[in-house]
Amino acid sequence: MLRYFKPVIFLACLAPLARLVWLGFHSRLGANPIEVITHSTGDWTLIFLLVTLAITPLRKMTRQYWLINYRRMVGLYAFFYGCLHLTTYVWLDKFFDVHEMLHDIAKRKFITAGMTAFALMIPLALTSTKWSIRKLGKRWQALHRLIYFSAAAGVIHYIWLVKADLRKPLEYAAVLGSLMSYRVVAWLVTRKQIRLRQRGLSDVGVPEDNKAATLSS
Amino acid sequence: MLIKKAPDIRSSEITPKSLYLNRRKFLAEAAMASAAIAIGAGLREMIVPSTTVLAGNKIDGIKKSQFSTTETTTPQKDVTHYNNYYEFSTEKDEPAELATKFRTRPWKVKIDGLVDKKLELSVDEIIKMASPEERIYRHRCVEGWSIVVPWIGFSLSELIKRVNPTSKAKYVEFTTLLDMTQMPGQRRNVLEWPYVEGLRMDEAMNPLALLCFGMYGEELPNQDGAPLRIVLPWKYGFKSAKAIVRIRFTEKEPVNSWKLSAPREYGFYANVNPNVDHPRWSQARERRLGEFFKRPTLMFNGYGDQVASLYNGMDLRKEF
């Protein structure tokens, strides 16, 4: 059963796209299909980014260390849906008008944020191979922390886009916030442990001295 | 020596060894099962669509209007299932469903402020004031999409003339019903409720300004603003208040809901203007529902001949 799990998850991650295609072919995307496609691919980009970020906390808290085997796939799906989302903008919204797109990126805050989020995903997707991980060593992990900024830019992109109802973007912000808080707390705890251990080593010396003093008296 | 008895663990509470040894597999299978359920639910929603029956009473004796465009009208299903009606929901496909039980009779409209005599009229008294006309108008949303709708109603001026505003009246304000038991969107403070819109008197008296109670030959569907709304084709859609319960004449400029919510982004006038961008997006082009390519947005939504003179000498960048 476990053997088939990865392909199942792989296919399940394609379901949001399959759904759009299916609805599209059955004229069920509503009055403004392009808007539905744009919003849906944007939503799924954010969801996959957040799921990617959830894997580390989840595997540590539940001790299900095998979850790490799915992180790359989920992360690449975030990039995949991000590409689709960007394509709807470039093609269906701007019709490849480069001049207008550059104008948008410079002038419209929400486009700037969205483009930033996407641009930050590119190096992560490119260095997702085993070869890159080996080649980059420790720097790989540092590089892949860019996902924090990509997800943050993605959420800001959404917040700046909506007219009045901030509920949905703030839900994403709350999830991202808790995933990041976990990391901050984990980092603080680790730092404290290291400090304690360092102090612990010198602490060991004190009772030893005391013991010696007691013995000699 | 006191030896404590070990706490009781019922044998049923002890995890079977096989399950313990296979706990990862168990979790994986549990995750897979949940995924399958989620996908199943998604498929069901795709296959069994939630549909809303359109039930509208025909309106008799509708006259044609010289103000109608000859452009192709947007399918009725789109106009009734793509609604920005935050009193019900901020999702455009939801008002159709959520407004099905909205009560539009009995319906009173209070007419007050700077008028000779304050009135409370039933919506049917108002509808009988003049004969219904069909006005096929372009309708442009501030979000960048547009539709063409065969509205039914008569010029707002017909009502204004009959209620005698005093000479002090410079503006007219429209208020939408406040009733969160019927309008679930009002339970959330997305905007300040009730929804308020307004017009300058000369704008309100312009023959294009329509007091509307029907569309596509029938009474207005609830999700499109029944029983009474206004339609102002040269302005962004949010100016066209729905489900009106109060019409008040004032000396001071009314504060409309969207301007109150984001004064930098939405003004009092909100005239369709391709040269003045929304601070966050361009207004140069629009997507007509049903069309693949975007089309250029027209000044005053193409109604410049009728309304441009209202704004002579005004800086439309400042008075947006």
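Two strands are taken to pair if DSSP finds at least two bridges between them. In this predicted model, strand E1 (residues 108-113) of chain B pairs in the parallel sense with strand E10 (residues 244-250) of chain B over four bridges, and B:Asp112 stands opposite B:Arg248 in E10(B). E1(B) is also joined by four bridges to strand E2 (residues 119-122) of chain B, in this case with the two strands running antiparallel; B:Ser122 in E2(B) is the bridge partner of B:Lys108, and the connection from E1(B) to E2(B) is a hairpin of five residues. In a regular strand the side chains alternate between the two faces of the sheet. Along E1(B), B:Val109, B:Ile111 and B:Gly113 point to one face and are buried, whereas B:Lys108, B:Lys110 and B:Asp112 point to the other and are not buried.

The largest nonpolar core comprises 68 residues, of which B:Trp151, B:Leu156, B:Ala209, B:Leu210, B:Cys212 and B:Ile230 touch the most other members. Strand E4 (residues 145-155) of chain B supplies the largest share of this core, with seven residues. Not counting residues up to four places away in sequence, the contacts of B:Ile230 include B:Leu156, B:Phe174, B:Ala209 and B:Ser240. Another core, of 22 residues, lies apart from the largest one and has A:Tyr77 and A:Phe118 among its members.

In chain A, helix H2 (residues 15-25) packs against helix H3 (residues 33-62) at an angle of about 170 degrees, with the axes 11 Å apart, and H2(A) and H3(A) are therefore roughly antiparallel to each other. The contact brings A:Pro16, A:Leu20 and A:Gly24 of H2(A) to A:Pro33, A:Ile37, A:Ser40 and A:Trp44 of H3(A), and its residues divide into five nonpolar, two polar and no charged.

Note on methods: Residues numbered from 1 in each chain as written. Chains lettered and ligands numbered in written order. Predicted model: local features only at pLDDT ≥ 70, side-chain atom pairs only at ≥ 80, totals over all residues. Axes fitted to C-alpha atoms, helices over the stretch in contact; angles between N-to-C directions. Parallel < 35°, antiparallel > 145°, perpendicular 65-115°, else oblique. Contact = placed C-beta atoms within 7 Å. Nonpolar A, V, L, I, M, F, W, Y, C, P; charged D, E, K, R; others polar. Core = buried A, V, L, I, M, F, W, Y, C linked by C-beta atoms within 7 Å. Buried ≥ 20, exposed ≤ 12 C-beta atoms within 10 Å, placed from the backbone.
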